[in-house]
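Me: Got a model here and I'd like to poke at the labels people put on it. Mind if I ask where they come from?

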Amino acid sequence: MNGAVAIYDPGGDRVVVLDGSAPLRNEVWAFALGDTSGWTLLHPAGTPPAPRDNYHAVYDPNRRRMLMFSGYADHGI
């Protein structure tokens, strides 16, 4: 995935991936590490971030959320 970022969620023992490079692919997926359930499409609350490239993400353990920052607007969409 071009324009994707991932974080590790230790509380859920999963990897969470955001592909925020285009509105049609602005999806959040989780991959469970401790069982065999595999990939799950998540439906986070709130407004999705604007499409961007070259962005970064960190994990906020206090609120169990991904924080996305930096990058630049993807005008190629």
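Me: Which strand gives the most to the lining of the largest pocket?

Reply: β7 does, with 4 residues. Bear in mind this is a predicted model, where local features need pLDDT of at least 70, side-chain atom pairs count only at pLDDT 80 or more, and totals for chains, interfaces and linings use all residues. Residues are numbered from 1 along each chain as its sequence is written, and side-chain values use heavy atoms, with hydrogens and water left out.

Me: What makes β7 a strand?

Reply: Strands are DSSP runs of E with at least two residues, numbered from the N terminus. β7 spans 65–69, so it qualifies.

Me: Which residues lie nearest the centre of the largest pocket?

Reply: L18, V28, P44, A45 and M66, out of 21 lining residues.

Me: Why is V15 called partly exposed?

Reply: Its relative accessible area is 24%. Buried means under 20% and exposed over 50%, with partly exposed in between (1.4 Å probe, protein chains only), so V15 gets the middle label.

Me: What is V15 in contact with, leaving aside its neighbours within four places in sequence?

Reply: A6, I7, W29, A30, F31 and L33, where contact means heavy atoms within 4.5 Å. V15 itself sits in strand β2 (residues 14–19). The C-alpha atoms of V15 and A30 are 5.5 Å apart, though 15 residues separate the two along the chain.

Methods
1 Å grid on protein atoms, 1.4 Å probe; cavity = no way out; pocket = protein on both sides within 12 Å on 5 of 7 lines; lining within 4 Å.
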